[in-house]
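Reader: Hi! Could you walk me through this one? I'd like to start with the strands.

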Amino acid sequence: MQDLEIYIRDLEPGAVSGWLENHLDELELDDGEATRVIKGVGRYEGERLRISLYPGAFGKRFTSLVIEGPRVPWNSDLDCARSAWRAMDTEIRCSPGDWTEGEPVEDEKWWRLDHRGEQQVVWN
């Protein structure tokens, strides 16, 4: 099972489904109002994906998007974040990829993609 996780700042209604429709074979995701946890499903190369949106991640302005499945459209969180940023034109953040569950994250650098480019930053 692979998973991708990105954080989207000031998520607009319908933005995730509008972006993912161009990358998945099928998509069932009602993200017209992202004020609560939203669960959806999709298909990519014949494999079922679970898609979850968690609003209020790292404060009120970010929504966590998790895509899980045997195969996913991107090779890394950063590739996924780049695609999302191009489609949504809002700040996207993701882990640099070396963090594992249970490790502290206080001083960890995150990728931040926005109009200033791609930079590694401390979250705050």
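Reader: Which residue is the bridge partner of Arg50 in β5?

Author: Glu68 is the bridge partner of Arg50 there. Strands and helices here are DSSP runs, numbered from the N terminus: E of at least two residues for strands, H or I of at least four for helices. One caution before we go on: this is a predicted model, where local features need pLDDT of at least 70, side-chain atom pairs count only at pLDDT 80 or more, and totals for chains, interfaces and linings use all residues. Residues are numbered from 1 along each chain as its sequence is written, and side-chain values use heavy atoms, with hydrogens and water left out.

Reader: Thanks! In what sense do β4 and β5 pair, and over how many bridges?

Author: Antiparallel, over seven bridges, with β5 covering residues 62-69. Two strands count as paired if DSSP finds at least two bridges between them. The β4 and β5 hairpin has four residues between its strands, and Phe58 in the turn has a positive phi of about 50 degrees.

Reader: What about β3 and β4?

Author: Those strands, residues 38-44 and 47-57, also pair in the antiparallel sense, with seven bridges. Lys39 sits opposite Ser52 of β4. In this hairpin two residues separate the strands, and Glu45 takes a positive phi near 50 degrees.

Reader: New topic: how many disulfides should I set up?

Author: Zero, by the rule used here, which asks for a pair of cysteine sulfur atoms within 2.5 Å.

Reader: Why is Cys80 without a bond?

Author: Because the closest cysteine sulfur, in Cys94, is 8.1 Å from the sulfur of Cys80, too far for a bond. Cys80 is buried at 1% relative accessible area, and Cys94 is buried too, at 0%. Buried means under 20% relative accessible area, exposed over 50% and partly exposed in between, with a 1.4 Å probe and protein chains only.

Reader: And the largest nonpolar core, how many residues does it have?

Author: It has 26 residues, and those with the most contacts inside it include Ile6, Trp19 and Leu65. Such a core is a set of buried Ala, Val, Leu, Ile, Met, Phe, Trp, Tyr and Cys residues joined through side-chain atoms within 4.5 Å. The helix α2 (77-88) supplies at least two residues; in fact α2 gives the most, with five.

Reader: What does Leu65 touch?

Author: Leaving out residues up to four places away in sequence, its contacts (heavy atoms within 4.5 Å) include Leu4, Ile8, Val16 and Ile51.
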